[in-house]
Protein chains: 2
Amino acid sequence: MPPDNVVFIGKKPTMNYVLAVVTQFNSGNRTVNIKARGKAIVRAVDVALITQRRFIEDAVIEDIKVWTEEVAIGDDERTNVSSMEIVMTIPE
Amino acid sequence: MPPDNVVFIGKKPTMNYVLAVVTQFNSGNRTVNIKARGKAIVRAVDVALITQRRFIEDAVIEDIKVWTEEVAIGDDERTNVSSMEIVMTIPE
């Protein structure tokens, strides 16, 4: 199980993930990590910016990290996929 | 005309933009800014990571900024689009 303050971005509508991030902030977390791979990276950026602009105006994007992950796409085949983590924080 | 050390990411194949970034580093620039909007954000991340992993190993991703831009999508309609700038640098 991932820790509570990580939101993994998949293929659902953007607002589903915004709600997940907002819920974590509203339940007392001061930091939420938004993680995505491949095409979902765009959605991760959208989620962070919508959260900040429309719901949690105090939240700041503290850090954005990117790296490459190797993933299996078949029995013998592997490919590289870009990955991202956006760290959002409500400063004390 | 944008300054020489900006590469705008569009819809061309990823390697076209990698080549543009590598060319700017090889022509003496120590900083290259990779900019993208919307779905091209994924490609911008790919370009930065491929440049670093396969061509300019000294280059580091110094900063990643994201923000929202309002763009016209018709005569009267406007929409918000996520934008990104990746700052790549070869440290002295």
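## Exercises on a predicted two-chain model

The buried residues of helix H1 of chain A are covered by elements that include strand E1 (6-8), strand E2 (31-37), helix H2 (40-55) and strand E4 (78-89) of chain A. The model on which these exercises rest is a predicted one.

**Exercise 1.** Determine which residues of H1(A) are buried, and explain where around the helix axis they lie.

*Solution.* Begin with the helix itself, which spans residues 14-26 of chain A, has 13 residues and reaches 18 Å from its first C-alpha to its last, close to the 18 Å expected at 1.5 Å a residue. Next, apply the cut-off for burial, which is under 20% relative accessible area; the buried residues of H1(A) are A:Tyr17, A:Val18, A:Val21, A:Val22, A:Gln24 and A:Phe25. These residues cover an arc of only 160° around the axis, and therefore they lie on the same side of H1(A). On the other side of the helix, A:Leu19 and A:Asn26 are exposed. Finally, look just after H1(A), where A:Gly28 takes a positive phi of about 110°.

**Exercise 2.** Work out the strand order of the sheet in chain A, and say which strands stand at its edges.

*Solution.* The open sheet has 4 strands in the order E1-E2-E4-E3 (chain A), and its pairing is mixed. Because E1 and strand E3 (60-72) of chain A each have a single partner strand, they stand at the edges, and one side of each is left without a neighbour in the sheet. From one strand to the next, the twist averages 20°. For a parallel pair, consider E1(A) and E2(A), which are joined by 3 bridges; here A:Phe8 stands opposite A:Lys35 in E2(A). H1(A) packs on this sheet, where it touches E1, E2 and E4 of chain A, and its direction makes about 175° with that of E1(A).

**Exercise 3.** In chain B, find how E3(B) and E4(B) run relative to each other, parallel or antiparallel, and describe how helix H2 of chain B lies on the strands.

*Solution.* E3(B) and strand E4 (residues 78-89) of chain B run antiparallel and are joined by 12 bridges. One bridge pairs B:Ile61 with B:Met88 in E4(B). Helix H2 (residues 40-55) of chain B lies across strand E2 (31-37), E3 and E4 of chain B, and runs at about 5° to E4(B).

**Exercise 4.** State what turn lays chain A on chain B, and why the copies meet through the same surface.

*Solution.* A turn of 180° with a shift of 0.0 Å along the axis lays chain A on chain B with an RMSD of 0.0 Å. That is the relation of a two-fold axis. Since 100% of the interface residues of chain A are also interface residues in chain B, the copies meet through the same surface.

Definitions and conventions:
Residues numbered from 1 in each chain as written. Chains lettered and ligands numbered in written order. Predicted model: local features only at pLDDT ≥ 70, side-chain atom pairs only at ≥ 80, totals over all residues. Heavy atoms only, no water. Least-squares fit on C-alpha atoms with pLDDT ≥ 70 in both. Contact = heavy atoms within 4.5 Å. Pairing = 2+ DSSP bridges. Helix = DSSP H or I, 4+ residues; strand = E, 2+ residues; numbered from the N terminus. Axes fitted to C-alpha atoms, helices over the stretch in contact; angles between N-to-C directions. Expected span 1.5 Å × (residues − 1). Buried < 20%, exposed > 50% of the residue type's maximum accessible area, 1.4 Å probe, protein only. Arc of directions from axis to C-beta.
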